[in-house]
Amino acid sequence: SEERSLNFIEQIVEEDIANGVNDGRVLTRFPPEPNGYLHIGHAKSIALNFGLAQKYNGKTNLRFDDTNPVTEDTEYVESIKEDIRWLGFEWEKELYASDYFEQLYAFAVKLIEKGLAYVEDASADEIAAAKGTPTVPGTPTPARSRTVAENLDLFDRMRKGEFKDGEKTLRAKADLASPNMHMRDPLMYRIKHAHHHRTGDKWCIYPMYDFAHGQSDSIEHITHSICTLEFIPHRALYDWFIKELDIFPSHQYEFARLNLTYTVMSKRKLKQLVEEGHVNGWDDPRMPTISGLRRRGYTPASIRQLCERVGVQKRDNMIELSLLEFCIREELNRTANRVMAVLDPVKLVITNYPEGQVEEMTADNNPEDENAGSRTLHFSNTLYIEREDFMENPPKKFFRLGPGNMVRLKNAYIIKGESFDKDADGNITTIYATYLPESKSGGDQSGLTVKGTIHWVSAEHAATAEVRIYDRLFTAENPQAEEADFTTFINPDSLQVIKEAFVEPGLLQAKPGERFQFLRKGYFVVDADSTADKVVFNRTVTLKDAWAK
Ligand code: ATP
Ligand code: MG
Ligand code: MG
């Protein structure tokens with residue numbers, strides 16, 4: 001990763017450093033609104049902001065952009081901090097835009113005094129109607145000609161709570177003829193008689209994003225304020241406020257947001273999925289939230305790796321969900337211990353193996369890691385194997401088990417299928433096989449080569465596990481771009497629960513968050529729902545890309 005070329009934001013930062021801008025100081029910020037849990041799109045912004053600071057010997061503030069009392073909550077503040085730390089980043093200062101309310105109010109007063117802000121009586125609809133169109137200039141409302149004294153008095157009374165929600169607003173007196181609609185006297189303050197999660201009932205007027213964000217950046221002396229492309233038209237206003245207030249000149253830069261296929265990426269939509277019960281909470285393993293990905297078994301490194309591979313773009317684009325899967329697969333292939341787990345079990349009896357005998361087999365934990373060690377497996381005459389690994393009438397290329405077919409049991413013996421029992425419905429209940437005593441793994445004297453190797457667990461020794469298999473949450477590649485509501489594209493089969501899988505008994509000791517490769521089946525993580533006698537696993541990802549074209 002050291003070899004990749006600089007992204008355009010790094011180029012800007014390097015130029016600034018070279019030119020001595022801000023004495024070469026780099027201070028970025030990550031500014032979440034605490035109105036939901038962070039998603040992987042936020043991880044992109046976190047990796048970029050914190051990554052720049054790390055690379056250029058700078059720092060990053062965590063600033064909660066908590067200017068809308070109605071949607072924000074302390075629960076979200078806590079989850080956001082946990083997720084950033086889990087991703088591997090530590091902020092310089094923990095700050096809140098709401099801590100600046102008094103300062104922002106003073107800034108607004110200063111603009112009123114300069115004749116650059118006025119109290120508006122018109123409703124939102126009337127303001128919109130008078131704003132004109134990109135080609136037709138806006139027309140002033142009567143309030144625009146208020147005197148400074150009148151505006152100061154009215155703004156003070158707004159603060160004191162003399163007006164109802166929507167009755168008045170504070171607008172910047174900028175440029176009603178600007179081709180940039182955001183410059184046409186944008187709102188600075190609105191009245192909201194609502195309880196704020198930090199300031200309580202102290203305020204009933206709240207600054208708009210455009211009047212809070214840049215000013216907060218400036219108060220903190222942020223050098224590079226990085227946001228997503230939709231804020232490009234806001235930049236002129238960002239600069240205008242800073243210039244007219246004559247405060248520290250932070251600068252805004254924009255990059256393309258991260259979009260992933262088969263996902264929605266907006267806190268509001270994710271909240272809807274939770275509240276309408278489409279998923280089991282913000283940390284449901286199908287959610288693109290950081291907490292959901294964590295529970296799904298993703299590692300911080302795999303998420304950072306995705307961000308690195310995606311890079312920093314100036315144009316919006318759509319990233320394949322399979323790239324994220326690739327990142328975790330690649331990591332877990334190196335790091336996850338291999339175990340045997342039978343997800344759809346059928347009983348296999350080895351008729352020539354002495355009943356009651358138990359043999360200890362040795363298995364490497366991870367062929368990709370010579371330090372991973374080995375473990376002991378118990379072998380007996382009654383095992384569980386995958387139902388799909390046996391066929392009653394196997395076709396020629398079926399290299400697994402069938403009557404007369406030979407297969408190797410991983411880390412054990414070659415066996416040969418003999419017969420089977422069926423129940424009244426025609427389902428196979430027991431498979432019978434014989435083993436070749438001289439074919440033991442590690443000391444095979446049989447001289448035979450068999451094409452297939454299958455996994456197994458000893459029935460007497462196996463532990464029971466619940467296994468949760470996830471598929472993508474949406475059936476549409478870009479559910480938010482479709483005409484219909486995005487919830488109509490929810491995949492009805494996104495969760496499959498296997499209540500009784502059999503796994504190596506050692507897995508009973510595994511702790512929530514531990515990750516394994518189930519041989520031939522994929523990568524799995526222990527879920528927090530596990531109990532002392534039942535482990536619950538989430539499938540993180542399959543071994544191969546099931547969607548590869
Ligand atoms: P959402 O609509 O999901 O709530 P947001 O932008 O309103 O997103 P914020 O809490 O304001 O959420 O975001 C904090 C930071 O994360 C902002 O700087 C924002 O630009 C950035 N961010 C949000 N979504 C993405 C994304 N998909 N890709 C990259 N950055 C993002
Ligand atoms: Mg936002
Ligand atoms: Mg938002």
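Two strands are taken to pair if DSSP finds at least two bridges between them. The structure described here is a predicted model, and the pairings, burial classes and distances reported below are computed from it.

By that criterion, strand β12 (residues 345-350) is joined to strand β15 (residues 382-386) by five bridges, the two strands running antiparallel, and within this pair Lys-347 of β12 stands opposite Tyr-384 in β15. Strand β12 also pairs with strand β18 (residues 428-435), here in the parallel sense and over four bridges, with Ile-431 of β18 serving as the bridge partner of Leu-348.

An open sheet of seven strands is found with mixed pairing, in the order β10-β23-β24-β25-β21-β22-β11. The edges of this sheet are formed by β10 (337-339) and β11 (341-342), each of which has a single partner strand, so that one side of each is left without a neighbour in the sheet. At the β10 edge, the pairing with strand β23 (residues 515-518) is parallel and extends over three bridges, and Val-339 has Phe-518 of β23 as its bridge partner. On to the next strand in the order, β23 pairs with β24 in the antiparallel sense over four bridges, and Phe-518 also stands opposite Gly-522 in β24. The two strands β23 and β24 form a hairpin with three residues between them, and Arg-520, located in the turn, has a positive phi of about 70°.

In a regular strand the side chains alternate between the two faces of the sheet. In β23, Arg-515 and Gln-517 point one way while Phe-516 and Phe-518 point the other way, and all of these residues are buried. Helix α12 (residues 321-335) lies across β23, β24 (522-526) and β25 (535-541), and runs at about 120° to β25.

The loop between β24 and β25 contains Thr-531, which is classed as exposed because 9 other C-beta atoms lie within 10 Å, the criterion for this class being 12 or fewer. Although Thr-531 and Ala-465 are 66 residues apart along the chain, their C-alpha atoms are separated by 9.9 Å.

Helix α4 (residues 101-113) was examined for its length and for the distribution of its buried residues. At 1.5 Å a residue, its 13 residues should span 18 Å, and the end C-alpha atoms are 18 Å apart, which agrees with that expectation. The buried residues of α4 are Phe-101, Leu-104, Phe-107, Ala-108, Leu-111 and Ile-112; seen down the helix axis, the buried residues of α4 fall within an arc of 145°, and therefore line one face of the helix. The face of α4 turned away from this buried side carries the exposed residues Glu-102 and Ala-106. After the helix comes Gly-115, whose phi is positive, near 75°.

Two annotations taken from an unreviewed UniProt entry were placed on the model. The annotation "short sequence motif: 'HIGH' region" in the unreviewed entry covers residues 32-42, a stretch in which the chain is 27% helix and 0% strand and whose end C-alpha atoms are 8 Å apart. The UniProt annotation "binding site", likewise from an unreviewed entry, covers Asp-65 and Tyr-209. Although these positions are spread over 145 residues of sequence, they cluster in space, with a largest C-alpha distance of 8.4 Å.

The surroundings of the two annotated residues were then considered in turn. Asp-65 is placed in the loop between β2 (59-64) and α3 (74-87), and is buried because 21 other C-beta atoms lie within 10 Å, where 20 or more are needed for that class. When its neighbours within four places in sequence are left aside, Asp-65 is in contact with Pro-31, Pro-32, Glu-33, Ala-97 and His-213; among these contacts, Pro-32 and Glu-33 belong to the stretch 32-42 covered by the 'HIGH' region annotation of the UniProt entry. Tyr-209, in turn, is placed in helix α7 (residues 209-220), and counts as partly exposed because it has 16 C-beta neighbours inside 10 Å.

Key:
Residues are numbered from 1 along each chain as its sequence is written. Chains are lettered from A and ligands numbered from 1 in the order in which they are written. This is a predicted model: local features need pLDDT of at least 70, side-chain atom pairs count only at pLDDT 80 or more; totals for chains, interfaces and linings use all residues. The expected span of a helix is 1.5 Å times one less than its number of residues. The arc is that of the directions from the helix axis to the C-beta atoms. UniProt positions are given in the numbering used here, feature names are shortened, and annotations may be inferred rather than shown by experiment. Two residues are in contact if their C-beta atoms, placed from the backbone, lie within 7 Å. Axes are lines fitted to C-alpha atoms, for helices over the stretch in contact, and angles run from 0 to 180 degrees between N-to-C directions.
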